[in-house]
Amino acid sequence: MSVWLAQHWAAIRDACRRLATAPLNSLLSLLVIGIALTLPAAGWLLLDNLRALTGDAPGVQQISVFLSPEAGKREIAEIEHRLQAGKIGRWRFVAREEALKRLQAAEGMADIVASLPRNPLPDAFVVTPSASQPAELERLAETFSSWPKVAHVQLDSAWVKRFDALLRLGRLIVILLGVLFAAALVTITFNTIRLQILAHAAEIEVARLIGATDAYIQRPLHYFGMLQGALGGLCAALLVAVGFHLLAPLVAELTQLYGTNFTLRGLGAGHVAFLATIGAALGWLGAWISALMHLRRFA
Amino acid sequence: MITASDVTKRYPEGREALRHVSFEITAGEMVYLTGHSGAGKSTLFKLLAAVERPTSGSIVINGQNLAALSRSAVPYLRRKLGLLFQDRKLLFDRTVLDNVLLPLAIVGHPPRDALRRAQAALAKVGLPNRERSLPIALSGGEQQRLAIARAVVNRPAIILADEPTANLDAASAREILEIFHAFQQVGVTVLLATHDPTSLPVLRPRVLRLDQGEMSELPAAPATAVAGAAP
């Protein structure tokens with residue numbers, strides 16, 4: 001066991017030494033890996049933020065039920081009764097006078113409202129259903145429109161659906177990007193390991209001839225790939241962090257203009273660890289394939 | 001210890017480097033292998049070290065048939081052999097000591113013990129006090145001693161040496177041969193190839209001769225000569 005540990009420790013030191021002996025080459029490889037991982041990482045973070053943004057907007061899932069103008073107190077009471085009985089969620093009655101008052105309060109609308117001969121707005125119910133699934137909301141909207149004296153039902157989920165579809169598309173793009181750049185990372189590592197094997201051909205040949213197992217020769221190469229991948233992952237985290245740091249003030253300004261209070265979420269420690277781990281795993285894979293292919297020629 | 005039966009090695013281009021070669025070397029024996037360059041000596045060494053496989057026939061070392069050896073079993077065979085290559089294959093970017101430590105690191109010796117053994121091996125071949133030098137700073141004879149130290153540091157039962165005296169002046173060559181004889185004295189089996197029959201000691205031990213891939217054995221010398229081939 002201690003022999004096994006000692007050999008692994010020696011292989012790790014050997015890998016570090018190899019990274020350090022060619023600092024410029026190592027730095028370039030790290031940058032290339034970092035850039036390759038930056039794009040999917042940034043996309044993923046962006047989606048994360050968008051999801052957070054929609055999750056923070058509770059007004060999204062509302063159904064507005066507009067009554068026809070001839071609906072009287074009796075019909076209103078009837079609908080209230082039905083909403084109560086159905087246990088649909090929270091709801092609020094907006095009388096037409098109240099709606100007009102609110103419209104008047106809005107900037108630039110006062111003059112227009114004053115010029116109207118009579119109140120054109122209907123009575124309405126604003127329902128916030130406890131259900132959140134788009135299909136369920138759709139069903140509710142249909143139910144509401146079948147009720148007497150209901151003129152129009154507006155489900156505010158249309159744009160939610162669009163946004164959701166957009167998010168799903170974005171997620172797919174990020175996944176595809178991730179797969180693409182993961183392949184790039186494996187390829188980069190494959191090549192650096194190939195060059196490592198070429199550079200150490202004499203050493204590998206001698207080691208093999210005096211009784212080194214394939215595992216002994218591959219070990220430092222595997223660690224080299226892992227180390228390079230992990231450092232590349234950290235490099236990507238740094239690049240993403242810098243990018244978000246530059247973007248954050250602009251986003252804050254923009255969201256303030258839209259009257260929401262949203263701050264951009266940057267990378268957490270978990271994200272950084274994840275990037276380093278993914279980098280290490282892919283680096284190891286590239287090194288493993290490369291070593292398997294290129295060490296065969298040593299007898 | 002080493003048994004070759006009807007070994008033929010044919011290269012893809014059709015050249016037969018070895019033809020129906022058979023011989024047997026018993027434990028503790030010292031055997032010279034002579035022949036002109038191109039006679040098949042290096043090919044035979046490659047087969048013995050499992051670098052290449054015979055086209056037909058079998059080679060058994062220590063009861064292990066090399067033809068049936070899997071790639072993963074080859075390193076364990078080589079650890080029992082002390083291999084000396086014609087081009088020495090020293091690592092010129094490592095110190096003398098690190099060159100000798102390499103076989104021990106491969107086997108996984110504890111560092112302190114490895115250091116002692118490496119120093120002992122260097123002392124045995126007459127290279128103490130050169131531990132920190134780089135091989136390039138050594139003379140040809142010293143480089144050969146270093147190669148021997150690396151080959152024997154694992155205390156192998158068999159030493160296979162391909163042209164260990166090539167490109168050395170007569171005095172250095174004699175000293176190198178003395179080292180091999182010393183190992184044979186303590187029970188190590190030695191197979192030593194040389195293209196130059198004049199480098200053989202006068203009281204020579206057993207000699208195998210390769211000529212265009214075919215092997216013959218020179219008449220045996222008196223038994224006393226085998227043990228006492230000192231200068």
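Start in chain B of this predicted model and select B:T8 together with B:S56: the two are bridge partners, with B:S56 sitting in strand 4 of chain B. Now add B:S5 and B:S58, another bridge pair, where B:S58 is the strand 4 residue. Widen the selection to strand 1 (residues 2-10) and strand 4 (residues 56-61) of chain B, and you have two antiparallel strands joined by five bridges.

Next, go to the other neighbour of strand 1. Strand 1 and strand 2 of chain B are also antiparallel, this time with six bridges between them. Pick B:I2 and you'll find B:I25 of strand 2 opposite. Then follow the hairpin that links strand 1 and strand 2 of chain B: five residues lie between the strands, and B:G14 takes a positive phi near 105 degrees there.

Time to show the whole sheet of chain B. It is an open sheet of four strands, ordered 2-1-4-5, with antiparallel pairing. Which strands stand at the edges? Those are strand 2 (16-25) and strand 5 (64-65) of chain B; each has a single partner strand, so one side of each has no neighbour in the sheet. Then bring up helix 1 (residues 41-48) of chain B, which packs on the sheet and touches strand 1, strand 2 and strand 4. The direction of helix 1 makes about 120 degrees with that of strand 1 of chain B.

Now hop across to chain A by way of the contact between the chains. Chain A puts in 15 residues and chain B 14 residues. On the chain A side, colour helix 1 (2-21) and helix 8 (201-209), which each supply at least two residues. Helix 8 of chain A gives the most, with five residues. Colour by class and that side of chain A shows 11 nonpolar, three polar and one charged residues.

Zoom out on chain A and paint the domains. The assignment gives domain 1 (10-57 + 161-294) and domain 2 (62-156). The C-alpha centres of the two domains of chain A are 52 Å apart.

For the sheet in chain A, select strands 2-3-1-4 in that order: four strands, an open sheet, antiparallel pairing. Strand 2 (89-94) and strand 4 (150-155) of chain A are the edge strands, each pairing on one side only. From one strand to the next, the twist averages 15 degrees. Strand 1 (residues 63-67) and strand 4 of chain A are antiparallel over five bridges, and one pair to click on is A:L67 with A:V150 of strand 4. Lying across strand 1, strand 3 (124-129) and strand 4 of chain A is helix 6 (residues 134-145), which runs at about 170 degrees to strand 4.

Try a quick distance check on helix 3 (residues 73-86) of chain A. At 1.5 Å a residue, its 14 residues should span 20 Å, and the end C-alpha atoms are indeed 20 Å apart. Just after helix 3, A:K87 has a positive phi of about 50 degrees.

Finish with helix 9 (residues 214-257) and helix 10 (residues 269-294) of chain A. They pack at an angle of about 145 degrees with their axes 6 Å apart, and the crossing is right-handed. What classes of residue make up this contact? Between helix 9 and helix 10 of chain A there are 17 nonpolar, 11 polar and no charged residues.

Technical notes
Residues numbered from 1 in each chain as written. Chains lettered and ligands numbered in written order. Predicted model: local features only at pLDDT ≥ 70, side-chain atom pairs only at ≥ 80, totals over all residues. Contact = placed C-beta atoms within 7 Å. Nonpolar A, V, L, I, M, F, W, Y, C, P; charged D, E, K, R; others polar. Pairing = 2+ DSSP bridges. Axes fitted to C-alpha atoms, helices over the stretch in contact; angles between N-to-C directions. Domains from an automatic or database assignment. Expected span 1.5 Å × (residues − 1). Left-handed = near helix turned anticlockwise from the far one by under 90°.
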